[in-house]
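Me: I have a structure open and would like to go through it with you. Could we begin with the overall picture and then turn to details?

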Amino acid sequence: MSAVEAQAKPAPEPERLIEVRGLLSQFGERTIHEDLDLDVERGEVLGVVGGSGTGKTVLLNTIIGLKEPEGGTVKVLGHDRADLSKEQEADFERRTGILFQQGALFSSLSVIDNVASPLVEHTRLSKDVIRELAEMKIAMVGLKPEAHHLKPAELSGGMRKRVGLARALALDPELLFLDEPTAGLDPIGAAAFDDLIRQLSDDLGLTVFMITHDLDSLYAITDKVAVLADKHVVAKAPVQELEKSDHPWIREYFLGPRGRAGKKAA
Ligand SMILES: Nc1ncnc2c1ncn2[C@@H]1O[C@H](COP(=O)(O)OP(=O)(O)OP(=O)(O)O)[C@@H](O)[C@H]1O
């Protein structure tokens, strides 16, 4: 290959979309993460579990850049977060969708305007095209056109989650972050939401980082599960493998009374 050809060839896309090494996260004197390593591979649906307060949301916030780490490195889409240029940060935002725990919808905007907002912010598409794309995403998450003009306060919890998901998908991301997507949904609504996420990740080849307490979700949709305990990731494996773990928290989680219920439901 000539030097010119080598120059013209774009850099290969990383297969590891997230790479966290030796992460240290602190709030004042309190250490939340210490020596935490985690990889998320392209195409993987990763569940992230751990007891309350183990720092799952802090980890998510660190990966997406809402929190600066106190130590260690966080690479996203092949780049070290600490050295991201403005363009690389914008590129990460465009290629990433996030569904926050409470949906984080704009309360004064209608459903369609909420879903359209990332397209307005990150593209120069015409109003008509943006509207069309937003309508497509709303249909994709199983909402009817009648919902387009409703405000978030007029929606059920399940509908709000779907709108949040449609907005997270607005820019056709390759990486989707979900913070407890089924929290607050009844079991039937939660199962339908699980199916939707799995279907979308299969159809669109999405890589998913999903924080959850919901065992049914882990069995239904994840390829692997990362377990946060003792300030770091103590295991990352398919659920069936985790069931055999000796770690006390993992044993309790998968094999305790709620664990068995989750397994039976699968
Ligand atoms: N901005 C902040 N300032 C100080 N402490 C914080 C801040 N954000 C989070 N924490 C602390 O960090 C710890 C981890 O919080 P985090 O929300 O990540 O837990 P979690 O594992 O997501 O918990 P849960 O499952 O209950 O949602 C908690 O003890 C929390 O009080």
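The conversation below goes from the whole chain to the ligand, the core and some single residues.

Me: First, what kind of model is this, and what is its mean pLDDT?
Reply: This is a predicted model. The mean pLDDT of the protein is 88, and 91% of its residues reach 70 or more. The model scores are ipTM 0.97 and pTM 0.88.

Me: What about the remaining residues; how should low pLDDT be treated?
Reply: Where pLDDT is low, the predicted coordinates should not be read in detail.

Me: How many helices and strands are there?
Reply: The protein has eleven helices and ten strands.

Me: And which radius of gyration does the protein have, against that of a compact globule?
Reply: The radius of gyration is 19 Å, which agrees with the value near 18 Å for a compact globule of 266 residues. Along the principal axes, the C-alpha atoms fill a box of roughly 55 × 55 × 40 Å.

Me: What share of the residues is buried?
Reply: Buried residues account for 38% of the 266 residues. As for contacts between residues at least 6 apart in sequence, 66% of them join residues at least 24 apart.

Me: Let us turn to the ligand. Which residues are around it?
Reply: The residues around the ligand are Phe 27, Ile 32, Gly 50, Ser 52, Gly 53, Thr 54, Gly 55, Lys 56, Thr 57 and Val 58. By type, the shell divides into three nonpolar, six polar and one charged.

Me: Which helix gives the most to that shell?
Reply: Helix α2, residues 56-64, gives the most, with three residues.

Me: Now the interior. How many residues are in the largest nonpolar core, and which have the most contacts inside it?
Reply: The largest nonpolar core has 65 residues, and Val 115 and Val 208 have the most contacts inside it.

Me: What does Val 115 touch?
Reply: Leaving aside residues up to four places away in sequence, Val 115 touches Ala 134, Lys 137, Ile 138, Val 163, Ala 166, Arg 167 and Ala 170. Val 115 is one of the buried residues of helix α4, which spans residues 111-122.

Me: Which other residues of that helix are buried, and what do they pack against?
Reply: Besides Val 115, the buried residues of α4 are Val 111, Ile 112, Asn 114, Ala 116, Pro 118 and Leu 119. The buried residues of α4 pack against α5 (127-140) and α6 (157-168).

Me: Why would residues three or four places apart in an α-helix point the same way?
Reply: An α-helix has 3.6 residues a turn, so residues three or four places apart point the same way.

Me: What about Ser 117 and Glu 121; are they exposed or partly exposed?
Reply: Ser 117 lies in helix α4 and counts as partly exposed, because it has 17 C-beta neighbours inside 10 Å. Ser 117 touches Phe 106 and Arg 167, again not counting residues up to four places away in sequence. Glu 121 also lies in helix α4 and counts as exposed, because it has 12 C-beta neighbours inside 10 Å.

Me: How far apart are Glu 121 and Glu 15 in space?
Reply: Glu 121 and Glu 15 are 28 Å apart, C-alpha to C-alpha, and 106 residues apart in sequence.

Me: Moving on, where is Val 141, and is it buried or exposed?
Reply: Val 141 lies in the loop between α5 and α6. Val 141 is buried because 21 other C-beta atoms lie within 10 Å. Val 141 touches Arg 162, Leu 165, Ala 166 and Leu 196, with residues up to four places away in sequence not counted. The C-alpha atoms of Val 141 and Gly 164 are separated by 9.6 Å, and the two are 23 residues apart along the chain.

Me: One last topic, the backbone. What is phi of Leu 77, and where is this residue found?
Reply: Phi of Leu 77 is near 50°, a positive value in a residue other than glycine. Leu 77 is found in the loop between β4 (71-76) and β5 (79-80), and Leu 77 counts as buried because it has 20 C-beta neighbours inside 10 Å.

Me: And what is phi of Asp 35?
Reply: Phi of Asp 35 is near 55°, a positive value in a residue other than glycine. Asp 35 is in strand β2, residues 30-41, and is partly exposed, with 14 other C-beta atoms within 10 Å.

Key. Residues numbered from 1 in each chain as written. Predicted model: local features only at pLDDT ≥ 70, side-chain atom pairs only at ≥ 80, totals over all residues. Helix = DSSP H or I, 4+ residues; strand = E, 2+ residues; numbered from the N terminus. Contact = placed C-beta atoms within 7 Å. Rg over C-alpha atoms; globule rule 2.2 N^0.38 Å. Near = placed C-beta within 6 Å. Nonpolar A, V, L, I, M, F, W, Y, C, P; charged D, E, K, R; others polar. Core = buried A, V, L, I, M, F, W, Y, C linked by C-beta atoms within 7 Å. pLDDT = per-residue confidence, 0-100.
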